[in-house]
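Welcome! Here is a set of short exercises, each followed by a worked solution. Keep the model open and try each task before reading on.

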Amino acid sequence: MALSICCLREKNACLKDLQSRYEGYDNYFTLKRHYSGVFTKSPGRKYVDGTVSYIDDVDTDLFSVHELDDMDRELGYKGEQTLYYPLCIPEFPLDYGLLPLGNDQDVLKLVSYVPKHRLVKVYIEIGQTRVASYFKSSSKVVIDELEPESVSPELNRKKPCRREVGSCSKKLELDHPANHVVD
């Protein structure tokens, strides 16, 4: 694991001009972490009862979700707690500007906002998330969950075939002689 040289800003310290701080360093940004709070419901979503901390001099080349986990252990979160990191897209409200930050692809999305936006806001939720988009896949895969009571025998026998551009699907012909196994 690469060691990043970022620094937790003192509680009352203020940096007003991040663009000039990072001038000439296109891959550096400040991470604004909102933690120990909860999101309210949409519309008019807010993060309430939380605390804010700033981490300056974060290097996009070294930043990862694992590093974020390590930073959060310093806040007192334990490794066995499930943490969700909604990322707020710069210049978007919380109602529809939140994206998950859970893997390398999500980190690349975060990095794409730097250097235009030197302040990146990330929120921390513990145990469960209230952000509906957190579990939406950016791929073409569609996962539908149905309650067992709502599934009719008719639905179990006949599955609709959904095809999308870019998806990889092939209809299996189970009655075809080539698919029969002979012992």
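**Exercise 1: A group of tyrosines**

Tyr22 has a relative accessible area of 2%, so this residue is buried. Please keep in mind throughout that the model is a predicted one.

Task: Work out how Tyr22, Tyr25 and Tyr28 are arranged as an aromatic cluster.

Solution:
- Step 1. Start with the way such pairs are described: by the distance of the ring centres and the angle of the planes.
- Step 2. Searching the whole structure gives seven aromatic pairs. One of them joins Tyr22 and Tyr28, with 6.5 Å from centre to centre and 20° between the planes. Planes under 30 degrees apart count as stacked, and the pair of Tyr22 and Tyr28 is therefore stacked.
- Step 3. Now take Tyr25 and Tyr28. Their ring centres are 5.8 Å apart and the planes meet at 85°, so this pair is edge-to-face.
- Step 4. Tyr28 takes part in the stacked pair and also in the edge-to-face pair. Together, Tyr22, Tyr25 and Tyr28 make up one aromatic cluster.
- Step 5. Add the accessibility. Tyr28 is partly exposed at 24%, and Tyr25 is partly exposed at 48%.

**Exercise 2: A strand and its partners**

Task: Find which strands pair with β2, and in what sense they run.

Solution:
- Step 1. Locate β2 at residues 28–35. Seven of its eight residues are buried, so the strand is mostly covered.
- Step 2. Look at β5, residues 51–59: seven bridges connect this strand to β2, and the two run antiparallel. Within this pairing, Tyr28 has Asp59 as its bridge partner.
- Step 3. Turn to β9, residues 119–123, which is parallel to β2 and joined to it by five bridges. Here Leu31 lies opposite Val120.

**Exercise 3: The loop before the strand**

Task: Describe the surroundings of Asn27, in the loop between α1 and β2.

Solution:
- Step 1. Find Asn27 in the loop that links α1 (18–21) to β2.
- Step 2. Check its side chain, which makes a polar contact of 2.7 Å with the side chain of Asp59.
- Step 3. Leave out neighbours within four places in sequence; Asn27 then contacts Val58, Asp59, Thr60, Asp61 and Val114.
- Step 4. Combine the clues: Asp59 touches Asn27 through a side-chain polar contact and is also the bridge partner of Tyr28.

**Exercise 4: The two sides of a helix**

Task: Which residues of α3 are buried, and which are exposed?

Solution:
- Step 1. Find α3 at residues 104–111, where the buried residues are Asp106, Val107 and Leu110.
- Step 2. These three span an arc of only 100° around the axis, so they are on the same side of α3.
- Step 3. Asp104, Gln105 and Leu108 are exposed on the other side of α3.
- Step 4. Ask what covers the buried residues: the cover includes β2, α2 (65–73), β7 (86–88), β8 (98–100) and β9.
- Step 5. Finish at the N-terminal end, which Asn103 caps: one of its side-chain oxygens is 3.0 Å from the backbone nitrogen of Gln105.

**Exercise 5: The whole chain**

Task: How many helices and strands does the protein chain have?

Solution:
- Step 1. Count the elements: the protein chain has four helices and 10 strands.
- Step 2. Consider burial: 32% of the 183 residues in the protein chain are buried.
- Step 3. Among contacts in the protein chain with a separation of 6 or more, 67% join residues 24 or more positions apart.

Terms used. Residues numbered from 1 in each chain as written. Predicted model: local features only at pLDDT ≥ 70, side-chain atom pairs only at ≥ 80, totals over all residues. Heavy atoms only, no water. Buried < 20%, exposed > 50% of the residue type's maximum accessible area, 1.4 Å probe, protein only. Pairing = 2+ DSSP bridges. Polar contact = N/O pair within 3.5 Å; in protein donor to acceptor, adjacent residues only side chain to side chain. Contact = heavy atoms within 4.5 Å. Phe/Tyr/Trp six-rings, centres within 6.5 Å; stacked < 30°, edge-to-face > 60°. Arc of directions from axis to C-beta.
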